[in-house]
Amino acid sequence: MIISKPPFCPVHFEAPDLLDSGFHASTDMHALWAELRENQPLYRADPGGGREPFWVVTRHEDVSRVLRSHTEFSSRRGTILSILDLNTPDIATDNMLADTDPPRHREFREPLNKAFAPRVVATQEELLRNLARDMLQSALDADVYDIAKSTMMFPMAVTGTLMGLPPESWERLVELVMMTIAYDDPDYSTGSGQATVRQARHELFEYFREEFSSRSRDDADPDVIGTLRAMDLTEGPLSQEQALLNCFVLLIGANVTTPHALCTLFTLWAEHPEQFRAVRENPDLRASCLQELLRWSSPVTALMRYAVTDLELHGRTIRAGEPVSAWLGSANRDERVFKDPYTFDVTRQPNRHVAFGVGPHYCIGAGLAKVGLEIFLDEMLDLVDTVEIAGEVRHVASHFVPGYKNMPVRFTPRKVAAG
Ligand code: HEM
C-alpha cells in the first residue's frame, strides 16, 4: 500500500474493488479513505462476481461503534473480509474466540487471557531481546539485508514458545499463515485463492491435531495449548476441533501483524531520523513513540461484523444480517480525532488509535505485542544509527494486513563515545 499525505493525487474510485488485494497493493488507500470519510461515511461496496455487497465505514467514531457494539454488530459469522472474498461458510461461528459474541466470547477469552497475562509475557522478555539483537546484528553485519523476512520470525518465535511448538516447524507455520491471508499473492498462492486457503488450513489443522494428540488433558502444561486442552465450555470440555480453531486464530493474530509494525518502524526511521534522535535523547518519549507507530502502521486494515438488527447510520438503513466492514487504517487517520493525522509525531498525546481494536475483542496479544515492540525499539536505539532503504520494497497483496515481503535495508551502527 502506498502511504502519502494530502494533497492526494485524485483517485478513481467509482467502484473500488475493496476485496481485490492487488487494488490495495497498488492504490493510495489513504486518498480513498479520506474521500470516503468526507463524502461517503457509509459506503455500500458491491464487489460483484456473486459476492455479497457490504457496507464500509471509515470514520473513527463509526469504526469504534461497529467493533465495540456487539448487540448491533456481531462477530459470529466471521471477522475478516476474505470470508466474503472466498464465499466460504464460517465453521468457526461460536467455536473460535474471534467469531463469538458475549457472553459466549467470555467462555474462551477468560481462560486465554491468563495465558497472555503480563507475568507470562514477562517470561518472554529475554527471548524477545535476544531475537531483536540477533536480527539487528545480522542487518548491521551485512551490506544490504532483507529485513522483512526476519521480522516474520520475530512473533513466530514467541508464539511458538508460548504454544510449546517445536522450533523446526516455525518457518513452515509462517508460510502457511501467509498463504491464509495473502492467498492470491503469487509468492504464496498454490493455485486459486480458495485452493491456497484450503491447503494452508488443512496443513495447519493437521499440524495442531498432532500437537494436541501428543498431550493429555491431565498434563496441565502452562502453555497456550495446555490451557486449551484443559478448557471447559458450558456444554463440556473444549472439543479438538474447537481447540484447533483457536490455535489457528492465535497464530494468525500474532504472525501477520507484528512484522508489519516493525517494517514500518524501519521506514519511518529512514524518513524521519530526527524523530528517533529525539526519542534517544528523551527516553520518556518511548511510550508515545510506540503508540504513534501503531497508529501509523495500523497493521490490521479492516475487520468485519454483521448487523444484528436494522439500524440507521448517516441517513441510510443497514438491514439485519448485512455485512459491515470497519476500516481501522482509515480511522487512525481521521482528522476529526487526530490533529495533523498525516504527520508522524513521536510526541503525539492523546493518541486514541484503534490499531488493537476496541471493545470485547480488543487484541488479546496487545500486551505481548507492545512488550515486543518496546524491546525492539530499545535495541534499535542502542545499536543503530541510520537506516537506509536500499532497494525495492515489496508489499504482501492482502486486504487484511498490508505487510511487507521484502525490505532491503542498510543499517549503520551507532558509535558510542569511548569511556
Ligand atoms: C502489533 C501487533 C498486533 C496488532 C496490531 C493486532 C491487532 C488486533 C486487532 C485490531 C484485533 C481486534 C479484532 C476484532 O475486533 O475482531 C485483534 C484481536 C486479536 N489478536 Fe491481535 N494484534 C497484534 C498482535 C497480536 C498477537 C501478538 C497475538 C497473539 C498472541 C494476537 C492475537 C489476537 C487474537 C487471538 C485476537 C482475537 C481476540 C478476541 O476475539 O477476543 N494479536 N488483534
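The legends below describe close-up views of a predicted model.

Residues are numbered from 1 along each chain as its sequence is written, and side-chain values use heavy atoms, with hydrogens and water left out. Because the model is predicted, local features need pLDDT of at least 70 and side-chain atom pairs count only at pLDDT 80 or more, while totals for chains, interfaces and linings use all residues.

**View 1. An open sheet of 5 strands with mixed pairing.**
Strands of a sheet pair through backbone hydrogen bonds, either parallel or antiparallel. The strand order here is 1-2-10-7-3. Strand 1 (42-45) and strand 3 (73-74) are the edge strands, each pairing on one side only. Helices (H or I, at least four residues) and strands (E, at least two) are DSSP runs, numbered from the N terminus, and two strands pair if DSSP finds at least two bridges between them. Strand 2 (residues 54-57) and strand 10 (residues 323-327) are joined by 3 bridges in the parallel sense. V56 has S325 in strand 10 as its bridge partner.

**View 2. Helix 3 lies across strands of the 1-2-10-7-3 sheet.**
Helix 3 covers residues 60-68 and lies across strand 2, strand 3, strand 7 (302-307) and strand 10. Its direction is at about 125° to strand 10. Axes are lines fitted to C-alpha atoms, for helices over the stretch in contact (heavy atoms within 4.5 Å). Angles run from 0 to 180 degrees between N-to-C directions.

**View 3. The ligand and the residues around it.**
The ligand has 25 residues around it, and H105, R109, R305, H361 and C363 come nearest. A residue is near a molecule or strand if one of its heavy atoms lies within 4 Å of it. A polar contact is a pair of N or O atoms within 3.5 Å; within protein, one must be able to donate a hydrogen and the other to accept it, and residues adjacent in sequence count only if both atoms are side-chain atoms. An N or O atom in the side chain of H105 is 2.7 Å from an oxygen atom of the ligand. For the side chain of R109 the distance to a ligand oxygen is 2.8 Å, and for the side chain of H361 it is 2.6 Å. Helix 5 (104-115), helix 12 (240-255) and strand 7 are the elements that give two or more residues to the shell around the ligand. Helix 12 gives the most, with 3 residues. The shell divides into 16 nonpolar, 7 polar and 2 charged residues. Here Ala, Val, Leu, Ile, Met, Phe, Trp, Tyr, Cys and Pro count as nonpolar, Asp, Glu, Lys and Arg as charged, and the others, Gly among them, as polar.

**View 4. W33 and W327 form a tilted aromatic pair.**
The structure holds 10 aromatic pairs. In the pair of W33 and W327, the centres are 6.2 Å apart and the planes make 50°. W33 is in helix 2 (residues 29-39) and W327 is in strand 10, so the pair is described as a link between distant parts of the chain, 294 residues apart. Rings of Phe, Tyr and Trp (its six-membered ring) pair if their centres lie within 6.5 Å; planes under 30 degrees apart count as stacked, over 60 as edge-to-face and the rest as tilted.

**View 5. An open antiparallel sheet of 3 strands.**
The order of the strands is 4-14-11. Strand 4 (145-146) and strand 11 (384-389) stand at the edges with a single partner strand each, so one side of each has no neighbour in the sheet. Strand 4 and strand 14 (residues 408-413) run antiparallel and are joined by 2 bridges. Y145 has V409 in strand 14 as its bridge partner. Helix 7 (residues 125-141) packs on the sheet and touches strand 4, strand 11 and strand 14.
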